[in-house]
Amino acid sequence: MQHRIYILLLLVGFMACNKGYDRILDKKDYNDSTGVIARTPKILFLTIDGARGESVRDAGAPNLLALSEHAIYSWNSISDTIALRSTGWADLLTGVHKEKHGVIKDDFSNNHLQAYPVFFKYIKDREPKFRIAAYSSSDSLGQYLITDADVNQTFADDDAAATQAILQELTIDTASMVFGQFSQVELAGRQYGYDVSVPEYKAAILQADENIGKIITALRQRKTYAAEDWLVIITAGNGGAYTIDPSNDDGTILSNTKVNTFTIYYSPRYAPGFLDRPYTGNRYTGKAVRLYGNTSASAVYAIVDSGKEDYNLGKDAEATIELKIKKNKTSAGDYSYTYPSVIGNNMSLDWWNNTGWNISLEVNAWGVHFGQNGAGFNMATASNISDGKWHDIAAVFVNRDNKRYLRLFTDGNFNTEADITSYGNFDTDAPLTLGYMPGNIVNNRWLDAYITEVKFWKAAIPDNIISEYVCAAELPSSHPYHDYLVGYWSCKDGYGNIFRDQSEWSHDFQIKGGYQWDDFSDLMCPSSANNLAQLVPQPVDPVRQILNWLQIAADTKWDLDGKVWVTSYVDINK
């Protein structure tokens, strides 16, 4: 086994959306130990089944919290969404996801462990004399997964017995990698509930913490400890189902209690590296009017009648129309396929004989109708926005190379471009309308949505500016195209029968129908589940972390999925 030469590793940061996601490092002066220190790298790898990361943090587990002074750690690790103990174990011990190892059932049937074995095999193939001992309180773990270990003992849900076996293993001079698995937190959660507010679950967490305290003490008391270089990994392969307070639910995978775990990579040489909860989006709050209905008698909508000519697009005017929309989830018979109007000045009886422009829904997506009367059915279609979440949509009319184009964006991302040069003059004497459009011949064009932050620019906003401001909860005065606004309605006034125009043009929307102001508090611009998973530790990561610590180069044939998390080293010899 090679000995380690320590160098200063640079902290790797991540960015998400408009806000940075930072791996937080304490503001201290750390010294680089440049001398060669002969220490034998070794591993203590412990997993606590069913230990939700946020509950472990809030339980105030003293021994686990004490390790954070010299650890890379997170209370918001993410396990596999299948959330089975067997899948979590396989992730932890093979270093690959379920799509490869195939463990998706508690009985381990139809697995692919021959192709993706437990990582003990990789170590033994390189270092046959390296002692590996595994102690688990789950018989199935020892039976199906623990292979290529010198010692494999199980203790039938008896965490205390597993702890004693680990303590005994640590008295052996040749102990090199010690794996331990504990079940009581999982069993308490399954019976009583997976949350620190549940006394039985909290007690199980604190008992596991006490066991770990004994193990860490025994590790430090080894006669050969000064000549050894131990990496301690403590984590969980799964969380547990529990209904959290809605105010704490951000709608992302990070609020899925089944997959919420924790991860601690501890070494006396590590500077503290806190992996904070990643940025998941802006909290968008306020009051808005629900726009809905499909007849003049029943619909709630809004109209700008004065200054309506300011919203004509002519035959070559450049303009940008942008707004935020939350399409409410409705039944399959919501008629959204018949193009309910979102905003526009096209008051014709149908889209096939239209004059003007109109943003409308199309099944689950949205798009823009445009053109002169008799020009035919003309529409450019953008992305899906029917998930019940807030989306920012923008339509840009731009002239380029003696042609006119329509460009569509969803959440700052470019969707499509249409050449609309031949569709003539879009001018109309119809008012600008938000929501249901009176006079439309098709009565089942039913909108059910909240619409806010409506902006009309007499300018073609560049792609990068649209993307830069898409997550803003309101339009800042510093916006580079602020002077080109001919209409800006936040539609979050919170009272009265108008949406006030905050631009210099002062063309207010008049709200029609039986409206009411509803409170909302939702996530805006959330990160995808895949992106979030890359920003926090996962159960597939420890294998790569361990191999890196042991200076065993991973073979590309192993096809590992995990990653190595690094921080700065401190000099413990001074």
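What share of the 574 residues in the protein is buried? In this predicted model, buried residues make up 56% of the chain. The secondary structure comprises 12 helices and 27 strands. The accessible surface amounts to about 23400 Å², and carbon and sulfur atoms account for 47% of that area. Contacts across the sequence are also worth a look: when the residues in contact are at least 6 apart in sequence, 71% of the contacts join residues at least 24 apart.

A convenient place to begin a closer reading is an open sheet of 8 strands, arranged in the order 18-17-16-15-22-13-26-25 with antiparallel pairing. Its edges are taken by strand 18 (379-384) and strand 25 (498-499); each of these has a single partner strand, so one side of each has no neighbour in the sheet. As general background, the strands of a sheet pair through backbone hydrogen bonds, in either a parallel or an antiparallel manner.

Within this sheet, strand 16 (residues 356-362) repays attention. Of its 7 residues, 6 are buried, so the strand is largely enclosed by the rest of the structure. In the sheet order, strand 16 sits between strand 17 and strand 15. With strand 15 (residues 341-344), strand 16 pairs in the antiparallel sense over 3 bridges. With strand 17 (residues 365-371), strand 16 is joined by 7 bridges, again antiparallel. Isoleucine 359 offers a handy landmark for following both pairings on screen: isoleucine 343 stands opposite this residue, and so does valine 368 in strand 17. Another residue to follow is serine 360, which stands opposite glycine 367 in strand 17. Strands 16 and 17 form a hairpin with 2 residues between the strands, and in this hairpin valine 363 adopts a positive phi near 55 degrees.

Attention now turns to charged side chains. A search of the whole structure yields 27 salt bridges. One of them brings together the side chains of lysine 287 and aspartate 519, with an N to O distance of 2.8 Å. This pair links distant parts of the chain, with lysine 287 in strand 12 (residues 282-293) and aspartate 519 in strand 27 (residues 517-524), 232 residues apart. How exposed are the two partners? Lysine 287 has 31% relative accessibility and therefore counts as partly exposed, whereas aspartate 519, at 62%, counts as exposed.

A second salt bridge connects lysine 324 with aspartate 392, whose closest N and O atoms are 3.0 Å apart. Lysine 324 belongs to strand 14 (residues 319-327) and aspartate 392 to strand 19 (residues 390-400), so the pair ties together parts that are 68 residues apart in sequence. Both lysine 324 and aspartate 392 are buried.

Some salt bridges share partners, and in this way Arg52, Glu54, Asp195 and Arg277 are joined into one network. Within that group, the side chains of glutamate 54 and arginine 52 meet in a salt bridge at 3.7 Å, N to O. Glutamate 54 and arginine 52 are both buried.

Note on methods. Residues numbered from 1 in each chain as written. Predicted model: local features only at pLDDT ≥ 70, side-chain atom pairs only at ≥ 80, totals over all residues. Heavy atoms only, no water. Buried < 20%, exposed > 50% of the residue type's maximum accessible area, 1.4 Å probe, protein only. Helix = DSSP H or I, 4+ residues; strand = E, 2+ residues; numbered from the N terminus. Pairing = 2+ DSSP bridges. Salt bridge = Lys/Arg side-chain N within 4 Å of Asp/Glu carboxyl O. Contact = heavy atoms within 4.5 Å. Areas by Shrake-Rupley, 256 points an atom, 1.4 Å probe, with all protein chains shown as cover.
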